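Here is a friendly walk through one protein model, meant to be read with the structure open beside you. Please take a look at the chain first.

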Amino acid sequence: MHIDAWFATPIYNGEIVPTKEQKNKIERYFYKYTQENGDKIFIGNSLNITGDVTGQHQISELEEFEWINEHLYGHIDNYLRAIGVNTSKYKFYIQKSWPVICDEGGGVAPHAHMNSHLSAVFYIRCGPDNGGDIIFTSSPDHPLNVLPVHIPNTNVKYTPTENQLLIFPSSLRHKVTEFYGKDFRFSISYDIMITTHININSDSESDVSNPDLWVSLGD
Ligand SMILES: [Fe+2]
């Protein structure tokens, strides 16, 4: 006999390698941002700044980060094609992008990004063996999780490395374990929307239409 394991959750594990100059510019941004916002968010005594709650919702527009967008597009396209999606039917948009800074003792509580379709994290700076791992948890309504038995391995851990890019469905719950490095850990988070093109020539049922086709109310 054997067991067929179907309906896996695909997590994309790739890499974007900046030039020295690109890396320096990004790190300069992060240090400046940390200096300016360091007093805003503490968990206990630990610094943990997530840009989306301190007014930095779309850093992809900034010159320091703009070059990443084309790479991100390629990786998202790869990810979806690898799971059988005809990506020519769709457009991808960065809905939000924000810096995340952890200092010693920082971490991120379990959450999912219910506001978006795909999420990505790009690691700029993270020393090895310093904690700050990202842990994904299988959905509570997964068929195994509703069985009345304890099943190990319903979590999966990634220990981030510099330049690593992870892409995953936004509804997948995840958390970041306590970071105990002596220097800051820097990463960029992205929320991605998948929509139709502006010209919809075929059936668009279940698709999200292109934002250029939306009609604003209440103006
Ligand atoms: Fe997250």
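The notes below go from the whole protein to single residues.

This is a predicted model, in which local features need pLDDT of at least 70 and side-chain atom pairs count only at pLDDT 80 or more, while totals for chains, interfaces and linings use all residues. Residues are numbered from 1 along each chain as its sequence is written. The protein has three helices and 11 strands; helices (H or I, at least four residues) and strands (E, at least two) are DSSP runs, numbered from the N terminus.

**The protein as a whole**

- Along the sequence, the elements come in the pattern β-α-β-β-α-α-β-β-β-β-β-β-β-β.
- The radius of gyration is 19 Å, which agrees with the value near 17 Å for a compact globule of 219 residues; it is taken over C-alpha atoms, and the globule rule is 2.2 Å times the number of residues to the power 0.38.
- Taken along the principal axes, the C-alpha atoms fill a box of roughly 55 × 50 × 40 Å.
- Of the 219 residues, 23% count as buried. A residue is buried if 20 or more other C-beta atoms lie within 10 Å of its own, exposed if 12 or fewer, and partly exposed in between, with C-beta atoms placed from the backbone.
- Among contacts with a separation of 6 or more, 81% come from residues 24 or more positions apart. Two residues are in contact if their C-beta atoms, placed from the backbone, lie within 7 Å.

**Helix 3 and its two sides**

- Helix 3 covers residues 68-82, and its end C-alpha atoms are 21 Å apart, in agreement with the 21 Å that its 15 residues should span at 1.5 Å a residue. The expected span is 1.5 Å times one less than the number of residues.
- Its buried residues are Ile68, Leu72, Ile76 and Tyr79. They sit on the same side of helix 3, because they cover an arc of only 65° around the axis; the arc is that of the directions from the helix axis to the C-beta atoms.
- Glu70, Gly74 and Arg81 are exposed on the other side of helix 3.
- The packing partners of the buried residues include strand 1 (12-15), helix 2 (63-66) and strand 11 (185-196). Strand 4, strand 6 (118-125) and strand 9 (164-169) are also among them.
- After helix 3 comes Gly84, with a positive phi near 95°.

**A four-stranded open sheet**

- The strand order is 5-10-7-8, with antiparallel pairing. Two strands pair if DSSP finds at least two bridges between them.
- Strand 5 (108-111) and strand 8 (155-158) are at the edges, each with a single partner strand, so one side of each has no neighbour in the sheet.
- From one strand to the next, the twist averages 15°; axes are lines fitted to C-alpha atoms, for helices over the stretch in contact, and angles run from 0 to 180 degrees between N-to-C directions.
- Two bridges link strand 5 to strand 10 (residues 173-176) in the antiparallel sense, and Val108 has Val176 as its bridge partner in strand 10.
- Strand 7 and strand 10 run antiparallel and are joined by four bridges; Thr137 has Arg173 of strand 10 as its bridge partner.
- Strand 7 (residues 134-137) also pairs with strand 8 in the antiparallel sense, over four bridges, and Phe136 stands opposite Val156 in strand 8.

**Leu172 and Lys91**

- Leu172 is in the loop between strand 9 and strand 10 and counts as partly exposed, with 17 C-beta neighbours inside 10 Å.
- Not counting residues up to four places away in sequence, Leu172 touches Thr9, Ala112 and Phe136.
- Lys91 belongs to strand 4 (residues 90-102) and is partly exposed, with 16 C-beta neighbours inside 10 Å.
- Leaving aside neighbours within four places in sequence, Lys91 contacts Thr195, Thr196, His197 and Asn210.

**Positive phi outside glycine**

- Asn163 is not a glycine, yet has a positive phi of about 75°. Asn163 lies in the loop between strand 8 and strand 9 and is partly exposed, with 16 other C-beta atoms within 10 Å.
- Ser206, also a residue other than glycine, has a positive phi near 75°. Ser206 is found in the segment after strand 11 and is exposed, with 5 other C-beta atoms within 10 Å.
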